[in-house]
Amino acid sequence: MQASQHIRRIVVCGGGTAGWMTAAALVKLLGQAWQITLIESEEIGTVGVGEATIPLINVYNEALELDENEFMRETAATFKLGIEFVNWGRLGDSYIHGFGPLGPDIGLAKFHHYWLSRHPEARAADLEAYSINIAAARRGKFMRARKDLGRSPLAEIAHAYHFDAGLYAAFLRRYAERRGVLRIEGRIGSVSTRADNGFVESVTMESGQRVPGDLFADCTGFRGLLIEQTLHTGYEDWSHWLPVNRAWAVPCENHHPLTPYTRATARAAGWQWRIPLQHRMGNGHVFCNSFIGEQEAADVLVENLDAPRLAEPRMLRFVTGKRRQLWNRNVVAVGLSSGFLEPLESTSIHLIQNTVARLTTFFPFNRFDQADIDEFNRQSDFEFERIRDFIILHYKATERTDTEFWNYVRTMPIPDSLAHKLELWRSNGRVFRDSQELFSEISWVEVLLGQRIAPRGYHPLVDTVPAEKIDEFLAGVRQTIARCVEAMPTHEQYVAEQCRTALPVQKAAVAPA
């Protein structure tokens with residue numbers, strides 16, 4: 001292939017987490033043979049709600065060869081073993097969707113089928129006791145997986161992070177600029193397209209500087225400057241399934257001990273997040289303004305903080321859904337410009353990561369073959385839709401009848417793809433998933449059971465194992481995990497010893513007497 005057919009100029013429009021994750025990954029992969037330019041304005045704020053992640057963030061960080069302790073110190077990060085859901089099935093309920101495995105499978109039947117066969121008879125403990133991640137989270141314990149311990153549960157610990165999204169973007173900016181990414185400060189004033197095919201040709205800064213490119217990454221947030229305002233790609237609105245459309249966000253002082261999990265507490269018309277960092281706590285109230293007023297929603301957030309707030313709450317407005325095409329002509333939408341799924345399962349940063357990874361898989365020649373673009377969009381659509389279904393599950397699988405909001409989501413129609421999963425589960429506890437789906441079978445099991453959807457039966461092969469053998473097996477798993485958790489340090493101790501940040505702990509201003 002002639003060199004003249006290669007793309008040489010990549011322009012990333014917008015900074016923040018999406019922009020700098022894109023630029024850092026591309027410069028690491030492509031090196032300096034490609035010219036990568038990122039445009040951002042310090043006057044334009046970023047949303048910054050994506051402070052919680054899932055374990056696949058480690059794939060990204062490892063690809064960039066980041067030192068984990070340095071990354072955590074620079075971003076004031078803490079470790080994350082899962083997400084606690086409070087008040088979702090019923091008021092007073094609490095369960096944790098933990099990362100990592102449940103107990104080991106036996107033969108063709110998954111572990112949870114053996115548990116299902118014995119739990120109704122009170123012959124098994126709660127499901128949490130059979131997950132090293134969940135058991136450790138409940139005790140406030142943490143350590144990195146010890147792969148040298150073979151089949152021990154301590155070898156199976158899976159972790160993600162809570163981090164300051166602004167500090168993460170700054171960390172990646174330093175990484176990218178050291179490797180040759182050119183940053184241009186300022187606002188984009190206009191976008192020029194080619195007359196023959198509608199491709200974006202260049203962007204022009206308000207200063208008058210023209211920035212041409214071959215491939216453009218739109219990281220301009222909700223406004224979608226290139227993907228929507230210029231190319232008019234269109235948007236799929238999913239708010240009939242996921243009606244929350246507002247969020248108040250506010251930081252507060254830290255609350256000790258540092259918990260190794262995110263908390264999502266269901267409120268009257270939405271839910272509240274709680275994300276512990278080393279120097280502060282991130283909080284927000286996601287809600288639907290058809291069921292609660294904006295000021296009332298702000299009051300709910302502030303009244304339920306664990307510590308004094310550090311700033312005034314700020315409002316975010318959104319419509320749940322996605323662009324009809326994430327890749328249109330020579331523009332790829334990354335981050336909020338591609339769509340929005342509420343951060344209930346901490347998927348926002350993962351969607352950035354996977355969009356960039358998918359772009360590298362289908363990295364184009366300058367002729368931009370439509371077959372590549374179509375397959376990129378098909379895979380992106382599938383990923384968004386399956387994550388959408390998993391989030392809908394949390395609302396649909398509720399017994400709450402105490403507010404109009406919960407009555408609406410409990411009784412609303414759902415996508416056929418989710419209805420099919422629920423039917424399979426309700427029959428005999430089966431979960432089938434496409435290999436490309438993000439959430440594992442274990443994730444579905446933990447949320448379904450956590451929200452009180454019990455199947456009518458279990459896998460018939462379980463009955464080929466004598467009941468006393470199953471009891472012995474379950475007891476052994478539970479006892480082994482309990483001993484492992486007992487031996488682990490606390491999360492706060494581990495962070496202090498391994499990756500304490502040098503950033504000062506933030507304190508609320510004291511009002512004058």
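1. The note opens at a turn in the backbone: G31, which comes just after helix α1, takes a positive phi of about 75°. This value, like the others below, comes from a predicted model, and the points that follow should be read with that in mind.

2. The helix that precedes this glycine, α1, covers residues 16–30 and has 15 residues. From the first C-alpha of α1 to the last the distance is 21 Å, which is close to the 21 Å expected at 1.5 Å a residue. Helix α1 is also mostly covered, with 13 of its 15 residues buried.

3. Turning to the strands, β8, β9 and β10 form an open sheet of three strands in that order, with antiparallel pairing. The edge strands are β8, at residues 188–193, and β10, at residues 210–212, each of which pairs on one side only. From one strand to the next the twist averages 25°. Strand β9, at residues 200–205, is joined to β8 by five bridges, and the two run antiparallel; within this pairing, I188 has M205 in β9 as its bridge partner.

4. The aromatic side chains deserve a separate point, since the structure holds 30 aromatic pairs. In one of them, the ring centres of F111 and Y130 lie 5.5 Å apart, and the pair is classed as tilted because the planes meet at 50°, between the limits of 30 degrees for stacked and 60 for edge-to-face. This pair links distant parts of the chain, with F111 in helix α4 (residues 111–118) and Y130 in the loop between α4 and α5 (132–139), 19 residues apart. F111 has 2% relative accessibility and therefore counts as buried, the cut-off being under 20%; Y130, at 2% relative accessibility, likewise counts as buried.

5. Which geometry does the aromatic pair of F111 and F473 have? The pair is edge-to-face, with 5.8 Å from centre to centre and 65° between the planes. Here too distant parts of the chain are linked, as F111 belongs to helix α4 and F473 to helix α13 (residues 467–487), 362 residues apart.

6. Elsewhere, one aromatic cluster is formed by F71, F79, F142, Y161, F163, Y168, F171 and Y494, and a reader looking at the model may wish to display these side chains together.

7. Finally, two arginines are placed over aromatic rings. R179 lies over the face of Y175, at 3.6 Å from the ring centre, while the charged end of R388 sits over the ring of W238, at 4.8 Å from its centre.

How values were computed: Residues numbered from 1 in each chain as written. Predicted model: local features only at pLDDT ≥ 70, side-chain atom pairs only at ≥ 80, totals over all residues. Heavy atoms only, no water. Pairing = 2+ DSSP bridges. Helix = DSSP H or I, 4+ residues; strand = E, 2+ residues; numbered from the N terminus. Axes fitted to C-alpha atoms, helices over the stretch in contact; angles between N-to-C directions. Expected span 1.5 Å × (residues − 1). Buried < 20%, exposed > 50% of the residue type's maximum accessible area, 1.4 Å probe, protein only. Phe/Tyr/Trp six-rings, centres within 6.5 Å; stacked < 30°, edge-to-face > 60°. Lys NZ or Arg CZ within 6 Å of the ring centre and 35° of its normal.
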